[in-house]
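Here's a quick briefing to read with the model open beside you. It goes through the domains and fold of one chain, then turns to confidence in another.

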Amino acid sequence: MQLRRRTGWMAAATAALLLAVLLSLAVGSREIPPSQVLDALLHGGTSQNAEVVRSLRVPRTVIGIMVGAALAVAGVVMQGVTRNPIAEPGILGVSQGASLGVVCAIAYAGVGTLSGYVWFAFAGAGAAAVAVYAVAARGRGGASPVKLALAGAAMNAFLASVVSGVLTTDAQTLETYRFWQVGSLSGRDTDIIGMIWPFLAAGLLLVLAMARGLDALALGEDVAKGLGQNVALLRLTGALGATVLTGAAVAAAGPIAFVGLAVPHLARALVGTAHRWVLPMAALLGPVMILVSDVVGRIVFPPSEVPVAVTTSLIGVPFLVALVRRRSVVAA
Amino acid sequence: MSRKHSARSTRSRYALAAVLLCTALAATACSSSGDGDGGGTHKAGGGTHTVDTAMGPVKVPDHPQRVVVLDTAELDSAITLGVKPVGATSAGTSSGFLDYLPQDELAGIKNVGAIADPDMEAVAALKPDLILSSKVRDGAHYDALSHIAPTVLTESTGAPWKADFQLHAAALGRTAQAAKALTAYQDHVAAVTAALGGAAKAAATEVSMVRFVEGADIRLYGNASYIGTVLKDVGLARPSVQDVEQLSVDVSPEQIDKADGDAIFYATYGDPKAAKETQVTASSLWKGLGAVAAGRAHQVDDQLWYQGIGYTAAGKILDELQRDLTAT
Amino acid sequence: MSTTRPASAQGSRFRPEGYAVVRPGGRGSFLLHRRAFAVTCVLAALLAAVCVAYLCVGESFVAPGEVVKVVFGRPSPDELVVGELREPRLALGLLVGAAFGVSGALIQTVARNPLASPDVIGVTHGAGAVTVAAMTYGVTSYTALPYLSVAGGLTAAALVYVFAWRRGLHAARFVLIGIGFSVALSSVTQLFLTKGDYLVAQQAKVWLTGSLNGRGYAEARPLALVLLAAVPCALWAARAQRTVSFDDDTATALGVRLGRVRFGLVALGVVLASVATGAAGPVDFVALLAPQIARRLTRTAQIPLLASALTGALVVVVADLLARKLFSPTELPVGVMTAAVGAPYLMWLIVRSRSRSGEPS
């Protein structure tokens with residue numbers, strides 16, 4: 001029964017993803033009839049509408065899928081490793097760390113190409129993740145939700161002030177930083193797809209390989225040890241995987257919050273807590289959330305567009321509120 | 001634990017003392033604010049005259065010697081009228097002043113900070129006898145500025161640039177030069193219209209203005225913009241999307257076909273990649289635009305066409321318009 | 001908490017360690033926390049010294065003698081720079097700092113958590129979002145904007161309060177929901193920044209950095225009025241502060257209506273923080289820092305209100321002094337300085353937190 005229910009939900013999630021992809025291809029600030037969209041995809045064509053679909057909407061949708069999957073899976077891993085229900089790349093300041101890394105690469109190292117600054121994004125994400133977790137885990141009580149969230153908020157504020165303080169003389173970089181502050185799928189380089197996917201695949205494989213370990217960890221550290229898991233190694237692998245996924249997502253689209261928070265909880269509600277189900281489920285639902293948010297952002301203020309990060313946080317906050325209002329989170 | 005209890009009355013006294021402190025502060029705040037009456041502590045030689053600014057009538061010296069300009073339009077006006085300011089703000093992404101102005105006329109002007117956020121003490125250190133800006137930029141700083149020197153603010157900037165220029169000229173005491181600049185501009189406009197083949201031909205040419213802006217959508221400039229008024233003066237037509245009484249119509253890269261016209265002039269504010277210029281102009285959608293295919297899409301200087309606002313900029317824009325529109 | 005004495009049992013017979021009995025004019029007497037008193041005096045003296053330094057230092061150095069002349073209204077060649085430029089800015093800095101200090105003290109007392117501060121629970125972000133939105137929709141009156149940002153701060157705080165209320169107000173839930181709202185509200189702010197007229201956007205960006213540059217009495221006046229109006233409230237707050245930080249059982253036994261008192265204290269704190277934000281933009285983390293520093297200095301059980309106000313003023317004035325001179329000739333907004341110091345301090349607090357302060361109690 002359980003298995004049937006789970007496969008049922010997986011099928012539903014796949015259908016939802018397909019629908020989201022279709023929406024993302026068909027809906028935009030420019031009105032294109034669905035028949036023309038299909039036509040452009042299947043038969044090519046050189047009309048302006050076909051050009052828009054192929055050269056703008058397809059890459060945008062692909063980036064959306066990649067970023068959504070990366071952030072959602074990173075959220076699952078962060079929540080699993082920290083055993084903390086509100087762990088998430090955006091709230092913990094990891095995304096901001098990655099974007100600061102990108103800015104430093106552009107400002108100091110003179111790195112202007114994506115293949116160059118993606119490493120700086122990883123470094124920034126990793127440093128921020130380690131710092132926030134180290135801060136939150138110190139002291140009695142360990143890394144509780146409140147402490148993690150506060151450490152993340154402090155990290156976000158600190159990174160912002162460091163950037164505007166140190167780079168204040170460099171107006172050009174500051175402008176660039178503003179660009180990196182709001183995650184958006186629009187106007188990103190198409191080459192990004194080709195450069196990001198190896199990192200994304202590596203991160204996803206790494207994380208999938210530790211599904212069993214995450215299950216054990218969910219039962220508590222002692223139980224995990226009793227089950228023969230190397231907890232320290234597990235945490236390290238998880239941190240590495242989450243960092244690579246977040247860094248890649250930020251390098252592709254800038255910081256986007258709340259996807260890593262909302263999606264894992266939704267996935268767990270649908271398929272239970274076993275990570276071999278939760279992880280693929282999150283990888284399916286993450287893109288759905290990003291693509292739907294992006295589509296909403298394209299049509300609310302025509303003719304211009306709202307960056308996807310704005311929409312996801314407006315959609316994501318009710319999730320956080322509902323989550324926090326459940327007693328278990330605060331008492332954790 | 002009992003310590004906590006007895007602290008109660010202590011706390012009240014502290015609060016009382018806090019009140020007294022605040023009262024004292026408030027009192028000084030109120031008394032000192034009445035002192036300055038926007039009057040010039042620095043008197044320039046000669047008399048004064050009154051100009052009507054966005055903040056009410058202001059008395060300014062007849063022949064101001066040390067002028068500080070806090071925005072690009074004011075800088076253009078001053079240079080046009082032959083006044084070299086002692087201080088100016090720098091524009092957004094570039095650290096220098098407007099690049100189209102003759103650099104020798106800009107040498108020695110002190111940078112007093114960023115537009116809309118000038119450093120008051122740097123302005124004061126120049127001991128100006130006149131400050132020019134607009135309410136939309138420095139309305140919040142008016143108190144501080146008017147203590148430093150008579151401050152003349154226009155309401156806004158951009159589209160009402162001709163009226164603003166007249167106010168600048170009145171404040172600088174150079175109305176005669178202003179009249180000359182106006183006549184020169186009108187003659188120049190007429191010459192360009194003639195060079196384009198007359199009013200009828202100009203009215204049949206739709207000129208599209210595209211600006212790629214970092215961190216924002218692509219802007220198609222409308223009639224209520226500086227550049228829009230210049231194009232109207234020449235008698236050029238605008239694509240219907242842009243023929244509206246607003247600053248700009250913002251579009252996403254998907255709708256770049258709205259930018260089509262008989263000729264396109266495009267500029268970029270900030271980093272071309274972040275402003276999406278690189279991606280858009282490389283796309284086949286852009287290359288499919290009529291004007292682009294016909295080789296009538298011209299990249300222009302953002303500082304000249306969009307940032308700098310005034311008669312000096314207008315003269316150079318007219319030259320480029322004529323050159324580019326008559327090229328083919 | 002077990003040895004609770006009735007509130008009336010104060011006076012010379014119960015003189016706890018560290019307190020002195022003061023009898024002004026023979027009518028009644030009160031206890032004075034000696035250390036707190038000394039600390040407050042030292043803070044006031046320090047603040048006075050820093051104020052003089054603030055007036056001396058800038059684009060050009062003005063000798064302290066001239067500064068004193070200007071302050072006391074004597075004619076001086078430096079009257080313009082000191083009297084018209086630095087003095088208004090200083091007055092605003094003092095008031096903003098004091099308001100944030102008191103605000104933080106009140107909110108931290110209610111939340112019983114040193115990590116709760118107006119920046120964390122959405123007040124400054126709410127004020128920011130509404131102000132930027134108002135600017136976008138054409139509100140250019142500099143007298144109206146502060147009121148709008150107060151409305152924004154209050155609304156945001158009220159929303160966080162409502163959503164965090166579930167059979168009582170839980171500090172941890174309050175903070176978490178506050179952080180969530182802060183993120184969402186800064187997204188909304190970004191939205192208005194990108195959608196608004198770009199002239200407006202540039203102005204809003206300057207405001208959002210939290211800067212005292214070019215501001216003065218016009219912004220300080222409403223703030224001063226609110227601080228004055230807050231005085232009777234603060235007197236009451238000082239009294240109520242005590243009962244609120246009892247655990248609920250003790251307070252209920254004493255007959256205090258906790259809900260109402262807490263609500264009043266938080267409301268006062270939120271109003272103060274919103275008005276200060278309206279006056280100078282979001283000057284981050286002062287409300288967090290000041291009460292903590294003050295309490296550590298006085299070593300009192302409660303967060304001292306006056307010492308918090310003085311510390312807040314001190315923090316803002318010193319930060320602005322550094323912001324003006326550190327990267328000279330470029331001037332940093334004061335909010336950047338306070339965030340650069342405050343954010344690591346917040347992290348340090350988290351590191352140091354015992355389970356009681358870092359966790360819901």
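**Chain C domains and chain B confidence**

The domain assignment splits chain C into domain 1 (32–83) and domain 2 (92–358). Where the two touch, domain 1 of chain C puts in 15 residues and domain 2 of chain C puts in 16 residues. Keep in mind that this is a predicted model.

**The domain 1 side of the contact**
- Helix 1 (residues 34–56) of chain C supplies the largest share of the domain 1 side that touches domain 2 of chain C, with 12 residues.
- Sorted by class, that side of domain 1 of chain C has 11 nonpolar, 3 polar and 1 charged residues.

**Chain C as a whole**
- You'll find 14 helices and 2 strands in chain C.
- Chain C runs to 361 residues, and 59% of them count as buried.
- Take the contacts in chain C between residues at least 6 apart in sequence: 73% of those join residues at least 24 apart.

**How confident is the predictor in chain B?**
- Chain B has a mean pLDDT of 83, with 84% of its residues at 70 or more.
- Confidence in chain B bottoms out in helix 1 (residues 2–33) of chain B, at a mean of 44, and is highest in strand 3 (residues 67–69) of chain B, at 96.
- Over residues 1–13 of chain B, pLDDT stays under 50, and the model has 45 contacts beyond four places in sequence for that stretch.
- Residues 22–44 of chain B also stay under 50 in pLDDT, and here the model has 38 contacts beyond four places in sequence.

How values were computed. Residues numbered from 1 in each chain as written. Chains lettered and ligands numbered in written order. Predicted model: local features only at pLDDT ≥ 70, side-chain atom pairs only at ≥ 80, totals over all residues. Helix = DSSP H or I, 4+ residues; strand = E, 2+ residues; numbered from the N terminus. Buried ≥ 20, exposed ≤ 12 C-beta atoms within 10 Å, placed from the backbone. Contact = placed C-beta atoms within 7 Å. pLDDT = per-residue confidence, 0-100. Domains from an automatic or database assignment. Nonpolar A, V, L, I, M, F, W, Y, C, P; charged D, E, K, R; others polar.
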